[in-house]
Amino acid sequence: MIKCLVSDLDGTLFLGHQETVFDLSLVNEKALEKVRNSEIHFYVASGRTVYYGIELLKKYGFDDIILAGFNGSIIFDNGSTIERHCLNNSQVISLIEKIETTFSDFLNIQLQGFNGDRIFYYFDKISSKLIDELNRNQIGKIIDSDLKKLINQGFDIAKLSITFETKEKCNECFQIINEEWTNFFYMAQSNPTLIEIVDKSSNKGNFIRYLSEKFNFKREEIACIGDEMNDLEMFDYCGTTFAMSNGNERVKEKAKYIVQNVAECIEKCIQLNAEEPISFK
């Protein structure tokens with residue numbers, strides 16, 4: 001019996017969205033209504049700030065607002081912050097200096113605070129697409145400030161992101177960071193040219209663990225769906241796993257089911273519950 005389904009956002013639930021990311025595809029909108037009226041608890045885990053998940057769940061009528069943001073750096077439960085893990089500022093400075101000397105052709109470095117505010121290494125290279133999205137969604141703002149200066153002033157860093165022109169450069173950088181800073185950072189590639197870095201103790205699997213402990217869910221009672229490498233830790237805690245057909249090959253290899261969208265995932269979970277034999281105890 002599947003009692004809980006956790007969904008990633010970007011590349012998963014947000015895939016095919018309409019005007020804003022909160023305006024989901026019609027098929028996913030209908031599916032959320034169906035899961036909301038079922039026996040399955042529905043939660044989200046994202047690399048974004050928690051305010052995206054909060055806004056989404058509220059918009060589609062969910063009362064139990066539990067979610068993870070910044071790849072598990074923060075766990076939010078109905079108005080309360082359960083866990084919150086900041087990056088170490090001095091370690092971040094060391095990492096940025098390494099990037100400057102070894103990969104000087106990076107496109108940009110971005111820091112995000114827990115409220116969604118963003119600081120960029122190259123302020124003049126911020127994509128117009130991101131600016132448009134922030135203006136539409138009204139979550140967080142871009143701070144025009146010297147990045148290193150703000151770090152040295154004690155800015156609480158939830159996530160650091162590095163973007164590259166090519167996936168080859170991104171992979172090379174990821175390997176070097178992973179070798180030298182593996183004891184300090186949790187790193188994931190949420191797309192082929194983007195590295196996301198959070199505190200070592202953070203990952204989306206921690207959110208599944210929290211749900212398991214809070215509700216006494218068994219592993220076989222939890223399902224999850226994702227598309228990229230930062231979703232893999234969730235799979236370790238779930239008995240039923242889904243990968244998006246457009247997703248990373250390694251994620252698809254580990255998943256039990258491959259689907260086109262979250263709607264298919266929800267339909268399958270409801271179907272599996274309907275097929276489960278009734279237990280007479």
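Below is an informal round of questions and answers about this predicted model.

User: How many strands are in the open sheet, and in what order?
Analyst: The sheet is open and its pairing is mixed. From one strand to the next, the twist averages 20°. Counting across, there are 8 strands, in the order S5-S4-S3-S2-S1-S12-S13-S14.

User: Which are the edge strands?
Analyst: An edge strand here pairs on one side only. That description fits strand S5 (80–84) and strand S14 (257–259).

User: Which residue in S12 stands opposite valine 6?
Analyst: Start with the strands: S1 (residues 4–7) and S12 (residues 222–226) pair in the parallel sense over 4 bridges. Within this pairing, the residue opposite valine 6 is cysteine 224.

User: Is S13 largely enclosed or left open, and why?
Analyst: Look at its side chains: Thr240, Phe242 and Met244 point one way, while Thr241 and Ala243 point the other way, and all are buried. Because 5 of the 5 residues of S13 are buried, the strand is largely enclosed by the rest of the structure.

User: What stands opposite isoleucine 225 in S13?
Analyst: S12 and S13 run parallel and are joined by 4 bridges. Across from isoleucine 225 sits phenylalanine 242.

User: Which residue in S14 is the bridge partner of alanine 243?
Analyst: S13 and S14 pair in the parallel sense, over 3 bridges. Together with helix H10 (residues 249–254), S13 and S14 make a right-handed β-α-β unit. The bridge partner of alanine 243 is isoleucine 258.

User: What angle does the direction of helix H11 make with that of S13?
Analyst: H11 (residues 262–275) packs on the sheet, where it touches S1, S12, S13 (240–244) and S14. Its direction and that of S13 make an angle of about 160°.

User: Which strands does helix H3 lie across, and at what angle does it run to S3?
Analyst: H3 covers residues 50–59 and lies across S2 (41–45), S3 (66–69) and S4 (74–77). Its angle to S3 is about 150°.

User: Which residues of H3 are buried, and what covers them?
Analyst: The buried ones in H3 are Val50, Tyr52, Gly53, Ile54, Leu56 and Leu57. Their cover includes S2, S3 and S4, along with helix H1 (9–13), strand S7 (118–120) and helix H5 (128–137).

User: What is the phi of the glycine that follows H3?
Analyst: The residue in question is glycine 61. Its phi is positive, near 85°.

User: Which residues touch the most other members of the largest nonpolar core?
Analyst: That core has 43 residues. Leucine 5 gives a feel for the packing, with contacts that include Phe42, Ala223, Ile225 and Cys269. A second, separate core has 28 residues, among them Leu87, Ile93, Ile109 and Phe185. In the largest core, the residues touching the most other members are Leu5, Leu13, Leu32, Phe42 and Leu56.

User: Why does asparagine 171 count as partly exposed?
Analyst: Asparagine 171 is found in helix H7 (residues 167–181). Partly exposed covers values between the 20% cut-off for buried and the 50% cut-off for exposed. Asparagine 171 therefore counts as partly exposed, with a relative accessibility of 37%.

User: Which side chain does the side chain of asparagine 171 make a polar contact with?
Analyst: As for its surroundings, the C-alpha atoms of asparagine 171 and leucine 194 are separated by 9.2 Å, with the two residues 23 apart along the chain. The polar contact, at 3.0 Å, is with the side chain of glutamine 189.

Technical notes
Residues numbered from 1 in each chain as written. Predicted model: local features only at pLDDT ≥ 70, side-chain atom pairs only at ≥ 80, totals over all residues. Heavy atoms only, no water. Pairing = 2+ DSSP bridges. Helix = DSSP H or I, 4+ residues; strand = E, 2+ residues; numbered from the N terminus. Axes fitted to C-alpha atoms, helices over the stretch in contact; angles between N-to-C directions. Contact = heavy atoms within 4.5 Å. Core = buried A, V, L, I, M, F, W, Y, C linked by side-chain atoms within 4.5 Å. Buried < 20%, exposed > 50% of the residue type's maximum accessible area, 1.4 Å probe, protein only. Right-handed = clockwise from strand over helix to strand, strands pointing away. Polar contact = N/O pair within 3.5 Å; in protein donor to acceptor, adjacent residues only side chain to side chain. Lists of a residue's contacts leave out its neighbours within four places in sequence.
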